[in-house]
Amino acid sequence: MRILIWIGALLPIVYAVLRFSVEFQPEWLRGLFAYLEHFIPLTLTKSPNDPLKFLINLSGNSAFWLLALTLSFTPIRVFFKLNLIRYRRLSGLFSFFYALIHAMLFIGIDQEFNLQDVMHEVLTKPFIAFGMGAFVIMLTMALTSTKKLFGLFRTWHRMVYIAAVLIVIHYLMSHKTITWDNISVAGVLISLLVLRLIKR
């Protein structure tokens, strides 16, 4: 299971490398990817039109789904009697890893580390404020997730519920138009939160 989490968590990086290396790929590989595009909902044969937007979306979505995986372990144990709790920290740290990339792309590349501009964006754009709030919670959870500190900060780690809600709001507000697909994606995280609260 640990290996599967590692492989799954690193796939977004592999995907990013593939998208940015399209121009350097041999013809046979492009042909293979063009064939695969008929079966999977991914673009493999074109470089991103907006590289920064592509990376921000990819890292944000990766953090979202890895958090969903992390939240799923408790319901899986309760409803299916399969205890995967020992892998929760690993998937949670991978979720934070992508959240960190997501935040750094915004702060470092989009805002060029101008903290005054960052604060202006946080104060004037609610969806960024919600995202930053979730990131701060995830940052403190990651820093206190060691065996030595987890016992002292166990209560704080319940803030993951608040972080998940903030992430859902951040996700929905980041879209100009909210579609049923967006609602379905957000519903996955909300459903996992409800299942965890019901069967704690």
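This passage describes the fold, the nonpolar cores, the largest pocket and two loop residues of a predicted model.

It helps to begin with the overall architecture. The secondary structure of the chain amounts to nine helices and zero strands, so that a walk along the sequence reads α-α-α-α-α-α-α-α-α. The C-alpha trace extends over about 55 × 45 × 35 Å along its principal axes. For 200 residues, a compact globule would have a radius of gyration near 16 Å, and the value of 18 Å found for the chain agrees with this. Buried residues make up 38% of the 200 in the chain. Contacts that are distant in sequence are well represented: among those between residues at least 6 apart, 66% join residues at least 24 apart.

The interior can be followed through its nonpolar cores. The largest nonpolar core holds 37 residues, and Leu-67, Leu-71, Ile-167 and Leu-189 are the members that touch the most others. Two or more residues of this core come from each of α1 (2-20), α3, α4, α6, α8 and α9 (180-198), with α8 giving the most, eight residues. Leu-189 offers a handy view of the packing. Once neighbours within four places in sequence are set aside, Leu-189 is in contact with Phe-64, Leu-67, Ala-68, Leu-71, Ala-164, Ile-167 and Val-168. Another core, of seven residues, lies apart from the largest one, and its members include Tyr-15, Ala-16, Phe-33 and Phe-54.

A polar side chain is worth a look here too. Ser-95 is found in helix α4, and counts as buried because its relative accessible area is 0%, below the 20% limit for that class. Beyond its neighbours within four places in sequence, the contacts of Ser-95 are Ala-63, Leu-66, Leu-67 and Met-138. One of these contacts, Leu-67, is also among the residues with the most partners in the largest nonpolar core.

Readers thinking about open space in the model may turn next to the largest pocket, which contains about 940 Å³ of space. Its lining consists of 31 residues, and those nearest the centre of the pocket are Ile-56, His-102, Phe-127, His-170 and Ser-174. At least two lining residues are supplied by each of α3 (51-80), α4 (88-110), α6 (126-143) and α8 (160-173). The largest share belongs to α3, which provides eight residues of the lining. Sorted by class, the lining has 15 nonpolar, 11 polar and five charged residues. The helices α3, α4, α6 and α8 therefore have a part in the pocket lining as well as in the largest nonpolar core.

Two loop residues deserve a note on backbone geometry. Most residues other than glycine have a negative phi. Lys-81, however, has a positive phi, near 55 degrees, without being a glycine. Lys-81 is placed in the loop between α3 and α4, and its relative accessibility of 71% means that Lys-81 counts as exposed, the cut-off being over 50%. Glu-112 likewise is not a glycine and has a positive phi, of about 55 degrees. The loop that holds Glu-112 runs between α4 and α5 (115-124). With a relative accessibility of 65%, Glu-112 also counts as exposed.

Technical notes. Residues numbered from 1 in each chain as written. Predicted model: local features only at pLDDT ≥ 70, side-chain atom pairs only at ≥ 80, totals over all residues. Heavy atoms only, no water. 1 Å grid on protein atoms, 1.4 Å probe; cavity = no way out; pocket = protein on both sides within 12 Å on 5 of 7 lines; lining within 4 Å. Points joined across faces, edges and corners; volume = space filled by probe spheres on them. Helix = DSSP H or I, 4+ residues; strand = E, 2+ residues; numbered from the N terminus. Nonpolar A, V, L, I, M, F, W, Y, C, P; charged D, E, K, R; others polar. Core = buried A, V, L, I, M, F, W, Y, C linked by side-chain atoms within 4.5 Å. Buried < 20%, exposed > 50% of the residue type's maximum accessible area, 1.4 Å probe, protein only. Contact = heavy atoms within 4.5 Å. Rg over C-alpha atoms; globule rule 2.2 N^0.38 Å.
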